[in-house]
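Here is a short report on helix packing, ring pairs and a few single residues. The structure comes first, and the reading follows.

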Amino acid sequence: MTDDPRLLAAIAHFNDGDFDLAADGFEELFFEAVRDEVEFVRALMQVATGIHHVERNQFRAAIERLQEGVRAIDAITNDRGYDFARLRADVIALLPKIAARSRGNRERIEWMRIVERGSSGRQ
């Protein structure tokens, strides 16, 4: 799966801030996933979908998807070299910011990136 160009494209969309396209790409892979691929792709799909909901001001749905993403991250048995510990921490840190946004706070949110373990993730 890690060499699948669709996965790489979906990750690139995510890291470029195009969460809708990323979620669509991860969803396509999710329906083809087998064995330990399922939670790997589910985690990415739920995080991308959650952020997309934030962008649409659908805060309850965003929090639900992101929490589901954390549960999927916790179930991953093969991270395929990606830093899911960091992604999990970033999602957990994002949840109170979404709650604040739902109460009218318009402070800019810095979105996370999907990076390989050991990478700084900076551009």
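The report below takes the helix pairs first, then the aromatic rings, then selected residues. The model is predicted.

**Helix packing**

Two packed helices are described by the angle between their axes and the distance between the axes. Two pairs are described here.

Start with helix 1, residues 5-15, and helix 2, residues 19-30. Their axes come within 7 Å and cross at roughly 155 degrees. An angle over 145 degrees counts as roughly antiparallel, so helix 1 and helix 2 are roughly antiparallel to each other. The crossing of helix 1 past helix 2 is left-handed. Helix 1 brings R6, L7, A10, I11, H13 and F14 to the contact. Helix 2 meets them with F19, L21, A22, G25, F26, E28 and L29. Sorted by class, the contact of helix 1 with helix 2 holds nine nonpolar, two polar and two charged residues.

Helix 4, residues 59-75, packs with helix 5. Helix 5 spans 84-102. Here the axes come within 10 Å, and the crossing angle is roughly 165 degrees. Because of that angle, helix 4 is roughly antiparallel to helix 5. Helix 4 passes helix 5 in a left-handed crossing. On the helix 4 side, the contact residues are F59, A62, I63, L66, Q67, V70, I73 and D74. On the helix 5 side, they are F84, L87, R88, V91, I92, L94, L95, I98, R101 and S102. By class, the contact of helix 4 with helix 5 has 13 nonpolar, two polar and three charged residues.

**Aromatic rings**

How many aromatic pairs does a search of the whole structure find? The search finds five. Two of them are described here.

F14 and F19 form an edge-to-face pair. Their ring centres are 5.0 Å apart, with 85 degrees between the planes. F14 has a relative accessible area of 1%, so F14 is buried. F19 is at 1% relative accessibility and therefore counts as buried. F14 and F19 also appear in the contact between helix 1 and helix 2. Ring pairs join F14, F19 and W111 into a cluster.

F40 and Y82 form a tilted pair. The centres lie 6.1 Å apart, and the planes make an angle of 50 degrees. This pair links distant parts of the chain, 42 residues apart. F40 sits in helix 3, residues 37-55, and Y82 in the loop between helix 4 and helix 5. Both F40 and Y82 are buried.

**Positive phi**

Most residues other than glycine have a negative phi, and most peptide bonds are trans. Which residue in the loop between helix 3 and helix 4 has a positive phi? N57 has a positive phi of about 60 degrees, although it is not a glycine. N57 lies in the loop between helix 3 and helix 4. R80 lies in the loop between helix 4 and helix 5. Phi of R80 is near 55 degrees, again a positive value in a residue other than glycine.

**Accessibility of single residues**

The table sets out location and accessibility.

| Residue | Location | Relative accessible area | Class |
|---|---|---|---|
| H53 | helix 3 | 17% | buried |
| N57 | loop between helix 3 and helix 4 | 45% | partly exposed |
| A75 | helix 4 | 35% | partly exposed |
| R80 | loop between helix 4 and helix 5 | 18% | buried |
| E107 | segment after helix 5 | 59% | exposed |

Is H53 buried or exposed? The cut-off for buried is under 20%. H53 has a relative accessible area of 17%, so H53 is buried. Leaving aside neighbours within four places in sequence, H53 is in contact with Q58, A61, A62 and R65. One of these, A62, is also in the contact of helix 4 with helix 5.

**Separations along the chain and in space**

A75 and E39 are 36 residues apart along the chain. Their C-alpha atoms are separated by 6.3 Å. E107 and R60 are 47 residues apart along the chain. The C-alpha atoms of E107 and R60 are separated by 18 Å.

Note on methods
Residues numbered from 1 in each chain as written. Predicted model: local features only at pLDDT ≥ 70, side-chain atom pairs only at ≥ 80, totals over all residues. Heavy atoms only, no water. Helix = DSSP H or I, 4+ residues; strand = E, 2+ residues; numbered from the N terminus. Buried < 20%, exposed > 50% of the residue type's maximum accessible area, 1.4 Å probe, protein only. Axes fitted to C-alpha atoms, helices over the stretch in contact; angles between N-to-C directions. Parallel < 35°, antiparallel > 145°, perpendicular 65-115°, else oblique. Left-handed = near helix turned anticlockwise from the far one by under 90°. Contact = heavy atoms within 4.5 Å. Nonpolar A, V, L, I, M, F, W, Y, C, P; charged D, E, K, R; others polar. Phe/Tyr/Trp six-rings, centres within 6.5 Å; stacked < 30°, edge-to-face > 60°.
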